Amino acid sequence: MVDFLLTQANLPFTLSLTFVLILGVFEALSLCIGYSLVGALDDWAPSDLDIDSDADSSAGGSGLTEIAAWLCLDRLPLLIWFVLVLVSFSITGYISNYISLAINNELLPQSATLPIALFFTAFSCRYIGALVASILPKNESSAVSIDGLLGSVGTVTIGCAIKGNPSEALVKDQYQQKHYVLVEPELAGIEFSRGTQVVLLRREGTVWSAARFDS
């Protein structure tokens, strides 16, 4: 068994599983001092996306945002999602090589097992990730509708927003939950570059009209 795990063909999968175990040890140690890696990474991650249910690509939605949503990256804490990726990748790789060993009495080359593992890992994130997200505890009282963000202050994260050409902005609601929304200046001739703080004034479809925020 050890020889199977440590063989060159299984090295990427063994390294992935080892990294999961190291993360588990660090999480356990961090909890002993009252600090959680899960919470810290979830607060830090810029990929914690919130996608309005009526958003579509014709309204300026980001392709990367749609991919992240399909992979359930927006529904799971970052560390939990990362562990799911590593475990799925490892298990799929081991199973592929085990089946090959049982049938052909030899292991598959990494050029074959890596694409197979990545393919099934993507579907694992999609479906197992959705299952995990559905059973994670949720605080229903902290749910905020998209219209509840009116008056919130956000920070432009991508590109340069001008009237008629919105950009993404990160907004935190009163529960400190993160939302990514599309914003554009209320008036023509104004630009919101990356890092500009704006206040949400009015929503039209999936786009918020905003004004520069002066603290």
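Select F192 to begin. Leaving out residues up to four places away in sequence, F192 touches V156, G159, C160, A161, E184, P185, V198, A210, A211 and R212, where contact means heavy atoms within 4.5 Å. The model in view is predicted: local features need pLDDT of at least 70, side-chain atom pairs count only at pLDDT 80 or more, and totals for chains, interfaces and linings use all residues. Residues are numbered from 1 along each chain as its sequence is written, and side-chain values use heavy atoms, with hydrogens and water left out.

**The largest nonpolar core**

Next, select L149, V181, V183, F192, L200, W208 and A210. These residues have the most contacts inside the largest nonpolar core, which has 13 residues. A nonpolar core is a set of buried Ala, Val, Leu, Ile, Met, Phe, Trp, Tyr and Cys residues joined through side-chain atoms within 4.5 Å. Buried means under 20% relative accessible area, exposed over 50%, and partly exposed in between (1.4 Å probe, protein chains only). Strands β2, β3 (178-185), β4 and β5 (207-212) each supply at least two residues of this core. Apart from it lies another core of 10 residues, including A68, L84, V85 and C125.

**The whole chain**

Colour the chain by secondary structure. It holds 6 helices and 5 strands, in the order α-α-α-α-α-α-β-β-β-β-β along the sequence. Helices (H or I, at least four residues) and strands (E, at least two) are DSSP runs, numbered from the N terminus. Of the 215 residues, 36% count as buried.

**Strand β4 and a loop**

Now select V198, in strand β4 (residues 197-204). V198 is buried, with a relative accessible area of 0%. Its C-alpha lies 9.5 Å from that of G151, although the two are 47 residues apart in sequence.

Move to T157, in the loop between β1 (153-156) and β2 (167-172). T157 is buried at a relative accessible area of 19%. Leaving aside neighbours within four places in sequence, T157 is in contact with E168, A169, L170, Y180 and R194.

**Salt bridges**

A search of the whole structure finds 3 salt bridges. Each is a side-chain nitrogen of Lys or Arg within 4 Å of a carboxyl oxygen of Asp or Glu. Select E184 and K163, whose closest N and O atoms are 3.7 Å apart. E184 lies in strand β3 and K163 in the loop between β1 and β2, so the pair ties together parts 21 residues apart in sequence. E184 is buried at 11% relative accessibility, whereas K163 is partly exposed at 40%.

Then select R202 and E186, whose side chains meet in a salt bridge (3.7 Å, N to O). E204 also forms a salt bridge with R202, the closest N and O atoms being 3.4 Å apart. Salt bridges that share partners thus join E186, R202 and E204 into one network.

**The helical part**

Finally, select residues 78-96 and 116-136. An unreviewed UniProt entry lists both stretches, along with 12-38, under "transmembrane region"; such annotations may be inferred rather than shown by experiment. Residues 78-96 are 100% helix, with end C-alpha atoms 27 Å apart. Residues 116-136 are 95% helix, and their end C-alpha atoms are 29 Å apart.

Within helix α6 (residues 110-135), choose F120, which is partly exposed at 45% relative accessibility.
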